[in-house]
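Colleague: I would be grateful for a close look at one part of this model, namely the places where its parts touch one another. Please treat the reliability of the prediction as well.

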Amino acid sequence: MSANVDGVTGTMTMARPVVTGGASPDGVAQPTAAVSCRALSIGHGERVVLQSASFSIPAGSFVGLLGPNGAGKTTFLRALLGLTPVRSGELHVFGASPVCGDSNVGYMPQSRTPIRVRLTGRDMLASSLHGERWGLPLVRAEGARRIDEALHAADAQDLAERRIDALSGGELQRLRLAQALLSAPRLLLLDEPLASFDPVRMREAALQIRDVARRAGATVICSAHDIDPLLGVMDSVLYIARGRARLGSVDEVITSSALSDLYGAPVEVYRSPRGGIFVSADAA
Amino acid sequence: MLEYDFMRMAFAASGCVAVLAGPVGWFLALRGQSFAGHALSHIGFAGAVGAALLGWPPLAGLLVVAVASGAGMGALGGRATGRDVAIGMILSLAMGCGALFLHLLTHSAMTATALLFGNVLGVTHGTLASLAVITAFSLAMLAFLSRPLLFASLQPELAEARGVRMTLLSVLFLMLVGVATAGCAQVTGVLLVFTLMVGPGATILRVGLSPALALPAAAVLALAEAWGGLALSWWSNAPASFWIAVLSVVCFLVSGIPAQSLRFRREGDAGSC
């Protein structure tokens, strides 16, 4: 198991060192780790999401969080937000236990309910700025400045005065990304941000997320159903399945042997000549 | 018309109720809970008649039952599907109880009409004082809740992740709706609470004002509709409840026309560039 691996293949290759997961995180532990887990177990009700997992995500990297439906991608993100308690082991975000409402962490939940309200993009961001505090929903000059900065960071200034119920999926995503940047976070947790796009737009959206995060200097953990749009965008893959996790480059993790090991059952990985990847469990 | 004491009382009482009902109604429409607000008034009806049966003031009965039911509804809350059916069943049961209590009341006909369709011209000084206190307290409460309530209504998943206590918020808000319902029922009657509470709020929501403007605007519109209804009732000799209902619906329809055409133009612009 190699410690440092160059970015994944493809035209968008980034040459950031990536720490692989596994049994020996100590050897490569960095003080700048955005997320570090040691013998971490988390779960949701009766379900075990992670069982004694150890890995560490270096600051500044773009991690694709993959795994089958129901493997617990969202639960893992919620643990990082301090919403799902740690059952045993250690989970650290920038060296400290996750706290609910931490301004270091920006979150973009999966959008299940489209907003059908006639408010502007600026109104939407304003509602989430200090939205957890009691009082009147007034925005002071300092708040307005932060909203402008976040809109600028996500390249979404043009959406500030547009009505949110008339935005396209891509525009709404840009706005939601701006919103996640409101607290100037160092870690961005994005839950299935690509789910509502067609395959062509997915790729554009993924590249946009990477560019925005890079400009903002934020580490990204981005869950996705499909690996293809993130190929060449992400630095590493965090694959969760059956309570186990594996962190590493695409070439290390998305292989027949690594995934079969993770699932405890035979899994085949096919690569198309143009770089696409297809994972199948019915090969055996 | 203002030289008569009962008219001055009616204007004061409906003013108190309207400034609370407008903003509460805006949140109800924003959260898609207007049916819950409608249900609370029907459930409150049973409380009002029950109180009258026991010789207590109907307003007290209406208030207590509506606020308690609001709390219960908020606590059950969640996003359970079939919520409308559950609310509908409970409200029909409550209306049924109301019918039974009315049957047991000897002077039922007048009480029933006053409760169902409002009796704003019969507001006493005592009732007005209670309405004023209730409104002041509720507005303060709503001001306190409004920021997290707005956040939780627009983006529930994110609000929860940021530590907003969703159930507590939902309970407190629906209790406020219960209070506003009891107030509205004094003016419009339980059957027409929707007109003064949801009507102005939904109209303002349709116009698409920013929240900090929309909340006072909803209060002003509700006030205009309530006072307009009273004035029209004075001149036309038709019940105030009727005119308030008419104004409410007209405003809602009118608000839809320009906003919709504006939106279409906007979408056209976006398409061309």
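Modeller: The account below takes up the contacts between the chains, then those between the domains, and then the confidence.

The model is a predicted one. Between the two chains, 25 residues of chain A are in contact with 26 residues of chain B. On the side of chain B that touches chain A, two or more residues are given by each of helix 6 (125-154), helix 7 (156-161), helix 9 (193-207), helix 10 (211-236) and helix 11 (240-272) of chain B. Helix 6 of chain B supplies the largest share of that side, with 8 residues. Sorted by class, the side of chain B that touches chain A holds 14 nonpolar, 7 charged and 5 polar residues.

A second set of contacts lies within chain A, which is divided into domain 1 (4-104 + 185-280) and domain 2 (115-183). Here 11 residues of domain 2 of chain A are in contact with 13 residues of domain 1 of chain A. On the domain 1 side, the largest share, 6 residues, comes from helix 5 (residues 199-216) of chain A. By class, the residues of this domain 1 side are 8 nonpolar, 3 polar and 2 charged.

As to confidence, chain A has a mean pLDDT of 83, with 87% of its residues at 70 or more. Among the elements of chain A, the highest mean pLDDT, 95, belongs to strand 9 (residues 219-223), and the lowest, 38, to strand 1 (residues 4-5). The pLDDT is below 50 over residues 1-30 of chain A, a stretch that has 61 contacts in the model beyond near neighbours in sequence.

Key:
Residues numbered from 1 in each chain as written. Chains lettered and ligands numbered in written order. Predicted model: local features only at pLDDT ≥ 70, side-chain atom pairs only at ≥ 80, totals over all residues. pLDDT = per-residue confidence, 0-100. Helix = DSSP H or I, 4+ residues; strand = E, 2+ residues; numbered from the N terminus. Contact = placed C-beta atoms within 7 Å. Nonpolar A, V, L, I, M, F, W, Y, C, P; charged D, E, K, R; others polar. Domains from an automatic or database assignment.
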